[in-house]
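User: I am new to this protein. Please walk me through its structure in questions and answers.

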Amino acid sequence: MIKRFSPTAIGRWSTRRPVLAIAAWLTFVVAAVVALSLTGSKPLNNGAVGQSARGYALMDSHQLGLPPHEYVYLHSDSLKAGSPGFRTAIDGVDRAMRGAIGSGVSVAVARDEHSALVSATVTRPFDEATVDAAVASVGAAHSGVSALVVDPTSGGGNDLHRAEELSIPVTLVVLLISFGALVAALVPVLLAATAVIAAFGLLGPISQVFPLDDSVKTVVLLIGMAVGVDYALFYVVRSREERLRGASTREALERTSRTSGRAVLIAGTTVAIAMAGQFVVGSDIFNGIAAGTIVVVASAVAGSVTVLPALLQLLGSRVDRGRIPFLPQLATAGESRFWAGMVDRVMRRPVLAACLSGGLLVALAVPALGLQVAKPSSQALSSASQSDLAAQITSEFPGTSSPAIVVATWPTGETGTVRQAVERLEKLSATEGIAHPPFSIGPGLDGRSFALGLPLTGFGDNTASRNAVKTLRSVLVPETLGRVPGLHWAVTGDTAEDLDFTNQMRHGVPYVVAFVLALAFVLLLVAFRSIVVPIKAIVLNLLSVGASYGVLVLVFQHHWAQGVLDFRSDGAIISWLPLFLFVVLFGLSMDYHVFILSRVREGVDSGMRTEDALRYGISRTAGVVSAAALVMVGVFSLFGTASALDLKEAGVGLAVAVLLDATVVRGVLLPATMKLLGERNWYLPGWLAWLPRASLEGGTLEGGVVDASGRRRPDPQPALVSTVD
């Protein structure tokens with residue numbers, strides 16, 4: 001049964017019935033989209049955990065909420081608030097706000113008296129366009145005074161959509177450079193795009209089990225394009241190589257399915273295992289990301305072993321049409337002269353190469369020891385130029401910062417006691433500098449619940465604000481509301497949510513790492529029948545991830561290249577990023593490792609010495625790995641140019657790690673360590689001899705083929721070789 005559904009068998013069926021295979025794949029994609037239309041997509045309202053989640057649950061069950069506010073910011077470099085011109089402008093905005101929104105309008109003046117903030121508590125529906133027009137007319141009528149409708153808690157623009165739109169064009173450009181032919185470049189893009197579309201469709205049914213955060217689709221797009229292009233690249237290049245040896249298109253594709261098809265299956269399984277590690281955290285956000293990424297990886301693998309051989313069978317030699325002159329071809333079907341020369345130099349001085357490359361990665365990883373995680377403050381959520389106004393307003397008017405929300409519910413008869421406790425809590429919060437008035441309260445309709453908003457010290461989400469939430473939870477609320485008999489309370493809000501999420505992340509990360517490493521070790525142990533290969537793969541991948549963390553710390557905590565990247569930072573990495581980077585980078589690094597080592601193992605199984613097999617494997621795969629890495633670096637770099645700090649950090653971290661992994665790790669450190677270990681690379685203890693033989697690669701080599709027994713024999717006229725599945 002396993003043999004019947006192996007990549008070899010599926011690829012053989014696909015090449016013999018290409019039209020049917022393509023029709024089946026398109027049917028699957030359409031069915032996935034239909035599934036989305038039938039089930040819809042269930043969004044994740046919030047990903048809070050711990051006490052902040054309990055607070056939101058209380059708010060939902062008692063229909064609690066804080067009254068929203070509208071703000072107008074007035075500023076003058078030359079006039080003070082007490083001057084007639086500035087005073088008239090304030091009065092004009094005040095009248096406009098009262099006319100559009102109603103009562104509850106207040107005016108605050110900054111200490112330097114050059115700025116004023118008019119705020120209105122929204123108690124009824126209003127026309128935002130009317131307010132905008134009225135404020136604009138006031139600003140136009142008073143020269144020297146600017147008036148703007150603002151949201152002090154907003155971080156500014158987000159160009160995520162632009163990066164998503166550019167990802168496919170950037171991928172296509174890199175593939176054109178890699179193949180030098182339009183048709184060959186389009187094939188990986190088509191596979192990746194259809195796999196992503198299918199995954200988007202399947203997110204509908206999945207969201208009924210794991211409600212999805214808005215970020216899931218972006219992650220699915222990134223991972224789907226990355227692995228889809230990777231797998232198609234190796235298929236196209238390997239089939240090209242087999243055809244150049246004289247095999248027919250069908251023979252070439254069957255050999256490719258038997259070799260690269262198996263490597264794709266193992267690589268995809270490794271990526272899925274890494275992504276599944278996110279389930280261990282127990283966060284709704286990570287559950288959705290894990291489910292979405294596993295689905296898109298599975299779709300990419302399925303497309304690679306089914307529709308890709310069929311498409312290449314129909315195209316035949318036409319896959320090389322549309323050649324563009326003068327373009328370099330990174331993904332060559334033969335031996336890469338550059339990488340062959342590099343491997344030769346590395347293996348002549350393996351100790352020096354290992355020390356230099358390993359030393360570089362360790363040096364880059366050392367700053368990661370000081371890595372700090374937290375949610376970025378409001379001023380850091382966008383670029384420096386965009387966040388200046390928000391930072392200025394919050395600095396001048398602390399009461400506009402993001403509030404902590406104290407939620408409480410109590411039994412009948414305790415309302416008077418609760419009122420006194422609230423007054424004491426507000427007084428203590430103000431006198432101890434925990435929060436800034438004015439405070440706002442949203443009473444429950446049942447008369448036995450409320451939500452109290454306390455604008456926190458700082459920007460509402462920096463270190464001072466996080467300390468304020470800790471004080472509220474541990475001291476102030478227990479000493480006031482906590483003394484009311486039968487009262488249940490929780491402190492929630494954006495800052496509290498960040499605290500709880502970060503704490504759960506720190507608790508869960510060791511278990512995630514252990515889960516991913518253990519399963520990856522077992523998978524590679526079975527795949528390569530060597531205990532050295534999985535250990536070395538894990539060490540190399542951890543070095544790559546550690547170097548990426550170190551670069552993030554240098555850039556975003558120590559503010560290196562701040563002027564170039566245009567960002568503000570509170571000296572901490574966004575809380576969800578280290579775990580996300582670990583699972584993504586570990587999975588993608590394993591992709592490269594499996595593809596390269598499977599080719600090396602092919603050489604060893606054919607009778608080559610490890611040193612010769614190493615040169616053979618890397619020289620024939622490193623060019624393709626470089627092309628695949630360039631695709632990912634190009635796409636990830638788009639997110640590194642975003643204005644939002646979270647996307648910028650993710651883009652820089654991913655791009656740096658992939659670049660280091662495809663060059664320093666796979667091109668230098670891997671061959672150096674394998675040269676030093678020699679035949680010990682394939683050591684398997686006797687007590688593990690019972691492991692099943694699940695060879696990744698088996699097929700032809702130049703000057704010979706591998707037969708079913710694993711021996712190499714001459715093959716002057718290459719012919720299709722049947723190997724054991």
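Analyst: One definition to begin: contact means heavy atoms within 4.5 Å. Keep in mind that this is a predicted model.

User: With that meaning of contact, which residues of H20 does helix H8 meet?
Analyst: H8 contributes Val-219, Ile-223, Ala-226, Val-227, Asp-230, Tyr-231, Phe-234, Arg-238 and Glu-241. On the H20 side they meet Phe-580, Val-584, Leu-588, Asp-591, Tyr-592, Phe-595, Arg-599 and Glu-602.

User: Are H8 and H20 roughly parallel or roughly antiparallel?
Analyst: H8 covers residues 215-244, and its axis lies 12 Å from that of H20. The two pack at an angle of about 5°. Angles under 35 degrees count as roughly parallel. H8 is therefore, relative to H20, roughly parallel.

User: How many charged residues are in the contact of H8 with H20?
Analyst: Sort the contact by class. Eleven of its residues are nonpolar and none is polar. The charged residues number six.

User: How many helices and strands does the protein have?
Analyst: The protein has 725 residues, and 57% of them are buried. Of its contacts between residues at least 6 apart in sequence, 80% join residues at least 24 apart. Its secondary structure comes to 22 helices and eleven strands.

User: Which helix gives the largest share of the largest nonpolar core?
Analyst: That core has 153 residues, and Tyr-231 and Phe-586 have the most contacts inside it. The largest share is 18 residues. They come from the helix at residues 577-605, H20.

User: Which residues does Phe-586 touch, leaving out those up to four places away in sequence?
Analyst: Phe-586 is one of the two residues with the most contacts inside the largest core. Its partners are Ala-274, Val-516, Leu-517, Ala-520, Ile-538, Asn-541, Val-545 and Leu-581.

User: How many residues are in the second, separate core?
Analyst: This core includes Ala-408, Leu-428, Ile-434 and Phe-450. Its residues number 26.

User: How do H4 and H5 run relative to each other?
Analyst: H4 spans residues 84-100 and H5 spans residues 128-141. Their axes come within 9 Å and cross at roughly 165°. The crossing is right-handed. Angles over 145 count as roughly antiparallel, so H4 and H5 are roughly antiparallel.

User: What classes of residue make the contact of H4 with H5?
Analyst: H4 brings Ala-89, Gly-92, Val-93, Ala-96, Met-97 and Ala-100. H5 brings Val-131, Ala-134 and Val-138. By class, that gives eight nonpolar, one polar and no charged.

User: Is the crossing of H2 and H7 left-handed or right-handed?
Analyst: H2 covers residues 18-39, and H7 covers residues 182-207. Their axes are 7 Å apart, at an angle of about 35°. The contact has 13 nonpolar, four polar and no charged residues. The crossing of H2 and H7 is left-handed.

User: Is Gln-63 buried or exposed?
Analyst: Gln-63 sits in the loop between helix H3 and strand E1. Its phi is near 55°, a positive value in a residue other than glycine. Its relative accessible area is 62%, and over 50% counts as exposed. Gln-63 is therefore exposed.

User: And Arg-529, is it buried or exposed?
Analyst: Arg-529 also has a positive phi, of about 50°, although it is not a glycine. Its place is the loop between H17 and helix H18. Its relative accessible area is 14%, and under 20% means buried. So Arg-529 is buried.

User: How does Pro-510 count by its relative accessibility?
Analyst: Pro-510 lies in helix H17, residues 494-528. Pro-510 and Val-280 are 230 residues apart in sequence, with C-alpha atoms 9.8 Å apart. The relative accessibility of Pro-510 is 48%, so Pro-510 counts as partly exposed.

User: Which residues does Gly-453 touch, not counting those up to four places away in sequence?
Analyst: Gly-453 belongs to strand E7, residues 449-455. At 1% relative accessibility, it counts as buried. Its C-alpha is 8.3 Å from that of Gly-442, eleven residues away in sequence. Gly-453 touches Leu-66, Pro-403, Ala-404, Phe-439 and Ser-440.

Methods:
Residues numbered from 1 in each chain as written. Predicted model: local features only at pLDDT ≥ 70, side-chain atom pairs only at ≥ 80, totals over all residues. Heavy atoms only, no water. Core = buried A, V, L, I, M, F, W, Y, C linked by side-chain atoms within 4.5 Å. Buried < 20%, exposed > 50% of the residue type's maximum accessible area, 1.4 Å probe, protein only. Helix = DSSP H or I, 4+ residues; strand = E, 2+ residues; numbered from the N terminus. Axes fitted to C-alpha atoms, helices over the stretch in contact; angles between N-to-C directions. Parallel < 35°, antiparallel > 145°, perpendicular 65-115°, else oblique. Left-handed = near helix turned anticlockwise from the far one by under 90°. Nonpolar A, V, L, I, M, F, W, Y, C, P; charged D, E, K, R; others polar.
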